[in-house]
Amino acid sequence: MTVRIRVDHDACTGHARCHTVDPDLFTLDDVGYSAVDVADVPTGAEERARLAVASCPEQAITIEEV
Amino acid sequence: MTVSSTTNQSGVPLRHGFLHSENADLRRVGYPEWDRLRNETPVFESDYRTPGSPNPLWYFLEYEDVYAVLRDTGLFSSVGFTHPDYESEFMMIPSEMDPPEHTKYRTLLNPLLSPTRIGQMEPTVREVCRGLVDDLADRGSCDVVTDFALQFPTKVFMGMLGVPTDDLDTLISWVHQSQHTSHADDPDGRIRDGADRAIHDFMAAIADDRRRTPRDDIVSNLLGCQVDGRPLDDRELGGILYLLFLAGLDTVASMLGFTFTHLANHPDDRRRLVADPTLSTSAVEEMLRYYSIVSISRHLTGDAEMKGCPMHQGDRVIVPLATANRDPAAFPEADSFTIDRTPNRHIAFGAGPHRCVGSHLARLELKVALEEWHRRIPDYDIPDGHQPQLRVGMFVTSLIAVPLRWGPADPGER
């Protein structure tokens, strides 16, 4: 089972809260918006990923198990 | 209570003469009064009118509705919001624009205030803060608003502009006049207009100098920016610098006033922070949520109904971020201050395309202030009997003065 995150770039407005929770998983582009489209969450980082999803004021990140 | 509530023709509660920035109960009680208003009337209409602002006025107080208003920039327009009660030639760019025009200018500002760029400023910001705290530490008391909260972000901003800090008090007084003069004290806007003009003239003089002699500062960077394939004209540059000037100085200062008041009045939170400075990140976020200082104003571009409110083109909507961020439907134990609250999905910096462009700088300044202050001055209180006075602004709420006192540092202990 893999945990996967997906970022909606129309919703992201650059709060960068996800990056604060896990800078390695939630990378930012040059101006501070999410640079992630879809990414598999490394083993051990699942809880941080869920926290990042819950921290996004724009609810721009979804998480799924595949 | 001075505000009586009935209902209008469509069944929506009507509060007579309510304008948050002129409401005595909000000024006296502060945030719990916002909570009371939200619990009583999550949505209401006010019949407050001024000659410059004759249209119906609606308040939305719940997180869900505040968020919806901020996201829907097509229906809820930002044009002209900074001067709702008199004609002004000055506008904040791009705050007072709607997408897609807003996007063109926002794109220029994002890289100048990106997390990476702001992160590089941390040593400088820390040095400025340390200098101020070092000067205060031996005094044993101060008004933290005047002596620290207003000084710190203003000094950082002047550093970003590359100007000497000799004029610091003048700049602070312009911000005060522009942002904290009430309609009642300035019905025709003359006082506010004078301050806005002084700010524009000050920034224009810097721009003229950087045109001749470019440097590595924010004004020089903006002069190199292009919009629609051409450099910014004077009006555009003036509008952007006007925004940076006002939004960057007033807001962080105000947050610092609430932050130190809270920590003086809640020694348990303060001791936890002193014992574990890594809490400063979550503490800043919780301060931003619990003491959200900004209220946002929009007007409707067309007719629409929301939560039973029959709104029409030109009607005004006010969404106080404080009521959204203290809404129990959005946050567990919303009326408790939880220094390590996680997650904390607050919208103290707004939401949607107008999300505060300076938020990364603001967060850095607030975090550095917590760390540097408590490193030198871990214990303090507010002298007995002093009740900090709230100034509820149209856009920014702040404390007028917050006297703190502390004992001499114990060199054996630290």
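**Exercise 1.** In this predicted model, work out which partners strand 9 of chain B has, beginning with its pairing to strand 12 of chain B.

*Solution.*
- Start with strand 12 (residues 316-320): strand 9 of chain B pairs with this strand in the antiparallel sense, over 5 bridges.
- Pick a facing pair there: B:Arg298 stands opposite B:Val317, a residue of strand 12 of chain B.
- Now turn to strand 5 (residues 76-77) of chain B, which is joined to strand 9 of chain B by 2 bridges, again in the antiparallel sense.
- Here B:Leu300 of strand 9 of chain B has B:Phe76 opposite.

**Exercise 2.** Decide how far strand 9 of chain B is enclosed.

*Solution.*
- Strand 9 covers residues 295-300 of chain B, and 5 of these 6 residues are buried.
- The strand is therefore largely enclosed by the rest of the structure.
- For the wider setting, 43% of the 414 residues of chain B count as buried.

**Exercise 3.** Describe the overall build of chain B.

*Solution.*
- Begin with the elements: chain B holds 16 helices and 15 strands.
- Next, compare the radius of gyration of chain B, 21 Å, with the 22 Å that the globule rule gives for 414 residues; the two are close, so chain B is as compact as a globular protein of that length.
- Along the principal axes, its C-alpha atoms fill a box of roughly 70 × 55 × 40 Å.
- Finally, take the contacts in chain B between residues at least 6 apart in sequence: 71% of them join residues at least 24 apart.

**Exercise 4.** Characterise the side of chain B that touches chain A.

*Solution.*
- Count the partners: 16 residues of chain B are in contact with 15 residues of chain A.
- Sort the chain B side: 7 nonpolar, 7 polar and 2 charged residues.

Notes. Residues are numbered from 1 along each chain as its sequence is written. Chains are lettered from A and ligands numbered from 1 in the order in which they are written. This is a predicted model: local features need pLDDT of at least 70, side-chain atom pairs count only at pLDDT 80 or more; totals for chains, interfaces and linings use all residues. Two residues are in contact if their C-beta atoms, placed from the backbone, lie within 7 Å. Ala, Val, Leu, Ile, Met, Phe, Trp, Tyr, Cys and Pro count as nonpolar, Asp, Glu, Lys and Arg as charged, and the others, Gly among them, as polar. Helices (H or I, at least four residues) and strands (E, at least two) are DSSP runs, numbered from the N terminus. The radius of gyration is taken over C-alpha atoms; the globule rule is 2.2 Å times the number of residues to the power 0.38. A residue is buried if 20 or more other C-beta atoms lie within 10 Å of its own, exposed if 12 or fewer, and partly exposed in between; C-beta atoms are placed from the backbone. Two strands pair if DSSP finds at least two bridges between them.
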